[in-house]
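Me: I would like to go through this model term by term, setting each value against its definition. Please have a look at it before we begin.

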Amino acid sequence: MIFENTFKKFLEVKELFKSLVGDNKSVEDLFKILEKPQRKIKVYLPLKRDNGEIEIFRGYRIQYNNFLGPYKGGIRYFPEVNGDELNALAFLMTIKCALVGLPLGGAKGGIRVDPKKLSEKELENLSREYVRKIYDFIGPDKDIPAPDVNTNAKIMDWMVDEYLKISNSKDIKLKATFTGKSIENDGSEGREEATGKGGEIILERFIEKIGFKKPLTVAIQGFGNVGYNLAKFLYQKGYKLVALSDSRGGIYSEEGFNPELVMECKKEKGMISGCYCVGSVCDIRLGRDISNEELLELDVDILVPAALENVITKENADRVKAKIILEMANNPLTEEADEILNRKGVIVIPDILANSGGVTVSYFEMLQNLNNEKWSKEKVFEELEKYLSKAFDEVWQIKEKLNVDLRKASYIVALKRIYHRYVRI
Ligand code: NAD
């Protein structure tokens, strides 16, 4: 159902795309091909628990499409991971890489596990077992996994180590099999902040185009890697962060929060609630707690879902008051919500554009490993700005020319690249 809904939105551009390229047969064929992944891998992962018992976990890797290059996409650890959701995310990765102009295809993987219930040793053994099971299908010219929800640089380091062990090689080029590694282990400078930085680049371009003047108010749901880093960059650019939240609830202040102080406070307390940090002080009188539901319905200029999928649905879309939604999480709006918001005139900056900074810097990490280079953070961000600005400008041009929303325009830009490769295959 998740995939079906995601693909339905994509299907809406088929007729438009046909009229653009004037080759109905090839476009029909391409859409047929893109409706299915090229390969679905399902593996069973035995893990010896600390109590000596064997438990079997289920792992997946969906290799969606590789017309433009090796498959690329994250691995998530989550108790509810399932093939349908991963299929939708792998499809979106295919479109995202094409949109940004990366020579990469799309994939997504995961293990059905709650990593908080495993010891560190168990987590390491499970991660290594996953690599042993998918080893034949990955590599710098086949499929390049990366971190996603509940996976991180440490897990990528274990995975690449297992990969090198099996390969019996120390060749640094093989390290390009995984991205999102730690800096000490040939990861890239700036990868940690890349998705947030990318969101800032896209939002700034957009604000400039529509002529909005700062200070603009922003509410961000999710204060993890993406939400926190985006908040940090937007704060530096003069946006007013009036609401922030994590899984346990949110905080609100008309004055606007200082995200770095909020993060310090959250680390101390273990939650964001009560962290009313404005300017250089945190004070109980400076804000109030709000729920995650309230946050989504605040009267702000920009709303940023940066936590989970499907948080805005037909149930709450009508109550959304923001003028702009910057989709930093993948698939945060259901198809019905997307329609309702469009009708209300809310502008949605789609996930495949807004959160593409992460995969773009992952690509830079691959390049650095393959060419035995180390780029500074400045160079990484400079290159990121070039890629994302180009993608944004192409999307904007299509939006203006065809009078479509930004999601459809993004699909068309991505499709053009995939189509041109497809007709040459
Ligand atoms: P993360 O685990 O670092 O952070 C997630 C945040 O969401 C945490 O603050 C958590 O407390 C919060 N959260 C969890 N459940 C919540 C709930 N019910 N309500 C409100 N907040 C809740 O994850 P992340 O890497 O920041 O990823 C967030 C989203 O962005 C995901 O959808 C992910 O697929 C997407 N994304 C991440 C990257 C990346 O580079 N990390 C790239 C592209 C897309």
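Me: What makes the approach of a polar backbone atom of phenylalanine 223 to an oxygen atom of the ligand a polar contact?

Reply: This is a predicted model, in which local features need pLDDT of at least 70 and side-chain atom pairs count only at pLDDT 80 or more, while totals for chains, interfaces and linings use all residues. Residues are numbered from 1 along each chain as its sequence is written, and side-chain values use heavy atoms, with hydrogens and water left out. A polar contact is a pair of N or O atoms within 3.5 Å (within protein, one must be able to donate a hydrogen and the other to accept it, and residues adjacent in sequence count only if both atoms are side-chain atoms). The backbone atom of phenylalanine 223 is 2.9 Å from the ligand oxygen, so the pair meets the definition.

Me: Which polar side-chain atom lies 3.3 Å from a nitrogen atom of the ligand?

Reply: That atom belongs to asparagine 292, and a backbone N or O atom of serine 247 also lies 3.0 Å from an oxygen atom of the ligand.

Me: How many residues are around the ligand, and what makes a residue count as near?

Reply: A residue is near if one of its heavy atoms lies within 4 Å of the molecule. There are 20 residues around the ligand, and Thr195, Phe223, Asn225, Val226 and Ser247 come nearest.

Me: Why is the pairing of glutamate 12 and lysine 408 called a salt bridge?

Reply: The term requires a side-chain nitrogen of Lys or Arg within 4 Å of a carboxyl oxygen of Asp or Glu, and the N to O distance between these side chains is 3.4 Å. Glutamate 12 lies in the loop between helix H1 (2-11) and helix H2 (14-21) and lysine 408 in helix H15, so the pair ties together parts that are 396 residues apart in sequence. Helices here are DSSP runs of H or I with at least four residues, and strands are runs of E with at least two. The structure holds 45 salt bridges.

Me: How do you know that the peptide bond from lysine 214 to proline 215 is cis?

Reply: Its omega is near 5°, and proline 215 is found in the loop between H7 and strand S6 (217-221).

Me: What makes the phi of asparagine 150 stand out?

Reply: Phi is near 65°, a positive value in a residue other than glycine. Most residues other than glycine have a negative phi. Asparagine 150 lies in the loop between strand S5 (143-147) and helix H6 (153-167).
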